[in-house]
Amino acid sequence: MAPPTASCVSGGSASLDLKPYANYLRAGSVMIAGLIIGLLVTVLSLNAGYGFNSLRAGPWISWPHTGAADIDPYARAVVARSGEAPLGRDQGLAFIARTDSNGAPLNADCEYRIVDPLPSARYWTIALASPDGRLLANSAERYGYSSVDVLRKEDGDFEIDVAREARPGNWLSPGEARDFVVMLRFYDTSLDIDSNPDPNSFPKIVKLGCA
Amino acid sequence: MRLNIPDRYLDLAPWVIATLFIAGIVHVVSVLLMPSVAPRDALARLAAYVKSAAPAEGLVLLPQMTPGAEMLPFEDPALAEAVCVYDLAKGPLRVKTSVDGEDYLGLSFHASAGRIYHSMTDRSAIKGKIDIVVGDARQIDALVSADEGDAPPPQEVRLTAPTKRGFVLIRSFAKRPSDQERARSRLNAITCQRFDLPQG
């Protein structure tokens with residue numbers, strides 16, 4: 001296509017006599033707009049998660065490919081930017097929940113209960129973290145539970161309460177934070193990473209009420 | 001059929017296409033460049049800590065995680081961790097320990113720019129021992145050619161690292177918060193040392 005003639009651009013600014021430069025101006029704005037749009041798309045896509053091939057089970061999401069040599073370029077960019085060292089694929093799997101089981105974002109003003117079941121693994125841990133992966137300061141200095149030290153009922157089931165104020169039994173507190181995420185990690189698990197696991201084999205995050 | 005589009009818009013079409021084309025290139029290039037320009041990736045954080053913790057090389061235990069003093073984000077507070085930051089330009093590396101088969105020990109081998117090229121747990125130890133040699137392609141070749149004698153084949157696992165610089169992250173699982181000391185002592189029993197290639 002032939003480049004447009006200058007006459008239709010400058011129109012009103014003809015008095016400044018920009019007509020001869022109209023194509024240069026257009027080329028310049030194309031470059032600047034392209035740069036801004038390109039970087040914007042990069043920021044948005046990196047904030048959306050760790051690239052492709054995620055596993056989903058209810059509110060839980062995992063990106064097993066971040067832990068292997070076939071990590072995709074988006075995941076590599078996210079990992080490099082956040083500075084994390086993902087769990088190797090042959091070591092285990094880490095899941096993150098940013099919402100409760102109904103899909104509502106987790107809010108530290110609300111109370112939640114995390115309930116059985118869990119897929120099989122040598123060990124698992126459930127811990128709270130800030131959305132950017134830091135520990136949350138709290139008065140109990142308790143950041144998570146493992147499959148070994150969680151208190152179980154007589155039938156072997158467990159419940160973990162997430163609330164600012166102390167609760168009997170298993171209790172995790174987000175402290176003074178406003179937002180938090182729940183991390184569920186399996187160590188030495190036989191979980192299949194090629195298809196989405198059954199959501200019913202994963203814990204539920206039930207909202208009990210909000211302050 | 002002639003579409004009724006004003007000429008004004010048709011004239012702009014090549015410029016819009018050019019804008020999207022440039023945006024696409026900028027997006028792809030910025031994603032691909034991110035790992036090599038990100039200033040605070042895991043390797044940079046760990047290398048800075050190892051430098052401040054003094055030992056020139058070998059295994060360095062990371063301090064226990066507390067709010068506000070995490071070395072890396074998204075790490076499990078139930079883990080005790082140690083790191084071995086290496087530069088293969090100085091020579092190949094040997095990571096060695098024995099395992100008791102009871103407690104979880106995970107080793108992951110990270111190249112620079114966010115790629116894990118090998119990971120394992122104590123479950124894949126051979127006869128209760130973990131013995132891993134990390135080298136670049138030339139160093140591994142030299143080791144293999146040095147084998148070709150009458151000596152029995154070595155029991156070690158050899159890894160070819162894709163980049164000269166990288167780190168080995170070792171995670172030791174503490175089942176209860178009170179087990180942290182035990183988990184850290186397991187880390188202390190691991191050696192991570194540079195060695196010289198056999199001459200020949």
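**Cavities, crossing helices and a disulfide**

Guide: Welcome! α3 of chain A, along with α2 (42–52) and β4 (105–111) of chain B, each supply at least two residues of the lining of the second largest cavity. Helices (H or I, at least four residues) and strands (E, at least two) are DSSP runs, numbered from the N terminus. This is a predicted model, where local features need pLDDT of at least 70, side-chain atom pairs count only at pLDDT 80 or more, and totals for chains, interfaces and linings use all residues. Residues are numbered from 1 along each chain as its sequence is written, chains are lettered from A and ligands numbered from 1 in the order in which they are written, and side-chain values use heavy atoms, leaving out hydrogens and water.

Visitor: What makes a space a cavity?

Guide: On a 1 Å grid over the protein atoms alone, a cavity is a set of points where a 1.4 Å probe fits but cannot get out; lining residues have an atom within 4 Å of a point. By this rule there are six cavities of 30 Å³ or more. The second largest has a volume of about 100 Å³, and its 15 lining residues include Glu84(A), Ala42(B) and Phe167(B), which are among those nearest its centre.

Visitor: How much space lies in the largest cavity, and which strand gives the most to its lining?

Guide: About 340 Å³ of space lies there. Strand β3(A) gives the most to the lining, with five residues. The lining has 27 residues, and Thr66(A) and Pro86(A) are among those nearest the centre.

Visitor: Why are α2(A) and α3(A) called roughly perpendicular?

Guide: Helix α2 (residues 22–47) and helix α3 (residues 73–82) of chain A pack at an angle of about 85°, with axes 9 Å apart. Axes are lines fitted to C-alpha atoms, for helices over the stretch in contact, and angles run from 0 to 180 degrees between N-to-C directions. Angles of 65 to 115 degrees count as roughly perpendicular, so α2(A) and α3(A) earn that name.

Visitor: How do you know that Cys110(A) and Cys210(A) form a disulfide?

Guide: Their sulfur atoms are 2.0 Å apart, and a disulfide is a pair of cysteine sulfur atoms within 2.5 Å, so the pair qualifies. The torsion about their S-S bond is about 90°, so this disulfide is right-handed.

Visitor: What does the pair tie together?

Guide: Cys110(A) lies in strand β4 (residues 110–115) of chain A and Cys210(A) in strand β10 (residues 204–210) of chain A, so the pair ties together parts that are 100 residues apart in sequence.

Note on methods. Angles under 35 degrees count as roughly parallel, over 145 as roughly antiparallel, 65 to 115 as roughly perpendicular and the rest as oblique. On a 1 Å grid over the protein atoms alone, a cavity is a set of points where a 1.4 Å probe fits but cannot get out, and a pocket is an open set with protein on both sides within 12 Å along at least five of seven lines; lining residues have an atom within 4 Å of a point. Grid points are joined across faces, edges and corners, and a volume is the space filled by probe spheres set on the points.
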